[in-house]
Amino acid sequence: AGDNVFTAVATFGGFADSVTSLALTEAGLFNHASSGQATMMQRVTFASVVLANSDIFRLTLETNVGSS
């Protein structure tokens with residue numbers, strides 16, 4: 001990644017995060033998500049991913065910020 005790249009990583013565990021049998025198809029990067037006043041900074045869609053109990057899904061979002 002370059003000097004002006006913000007990287008956010010999310011890891012989901014099937015059983016650990018109670019996301020088994022759910023079709024994950026999109027993810028977003030929000031600022032202040034817990035405040036209820038969040039702004040979506042980036043959104044990505046992808047082919048459906050369904051996790052089993054022992055599966056782990058890692059999503060990495062890279063966003064260019066500032067001047068390049």
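Colleague: Before looking at Glu26, how should I read the words buried, exposed and partly exposed?

Modeller: A residue is called buried under 20% relative accessible area and exposed over 50%, while partly exposed covers what lies in between. In this structure, which is a predicted model, Glu26 has a relative accessible area of 45%, so this residue counts as partly exposed.

Colleague: Which residue does the side chain of Glu26 meet in a salt bridge?

Modeller: The partner is Arg43, and the N to O distance between the two side chains is 2.7 Å. Glu26 belongs to strand E2 (residues 23–31) and Arg43 to strand E3 (residues 39–50), so the salt bridge ties together parts that are 17 residues apart in sequence. The count for the model comes to one salt bridge.

Colleague: What pattern does the protein follow along the sequence?

Modeller: The pattern reads β-β-β-β, with four strands and zero helices. The radius of gyration is 14 Å, well over the 11 Å that the globule rule gives for 68 residues, so the protein is more spread out than a compact globule. The C-alpha trace spans about 40 × 30 × 20 Å along its principal axes, and buried residues make up 16% of the 68 residues.

Colleague: Which residues make up the largest nonpolar core?

Modeller: That core has six residues, namely Val19, Leu24, Ala27, Leu51, Phe57 and Leu59, and strands E2 and E4 (56–64) each supply at least two of them. Once neighbours within four places in sequence are left aside, Leu59 is in contact with Ala8, Val9, Ala10, Ala27 and Phe46.

Key
Residues are numbered from 1 along each chain as its sequence is written. This is a predicted model: local features need pLDDT of at least 70, side-chain atom pairs count only at pLDDT 80 or more; totals for chains, interfaces and linings use all residues. Side-chain values use heavy atoms; hydrogens and water are left out. A salt bridge is a side-chain nitrogen of Lys or Arg within 4 Å of a carboxyl oxygen of Asp or Glu. Helices (H or I, at least four residues) and strands (E, at least two) are DSSP runs, numbered from the N terminus. Buried means under 20% relative accessible area, exposed over 50%, partly exposed in between (1.4 Å probe, protein chains only). A nonpolar core is a set of buried Ala, Val, Leu, Ile, Met, Phe, Trp, Tyr and Cys residues joined through side-chain atoms within 4.5 Å. Contact means heavy atoms within 4.5 Å. The radius of gyration is taken over C-alpha atoms; the globule rule is 2.2 Å times the number of residues to the power 0.38.
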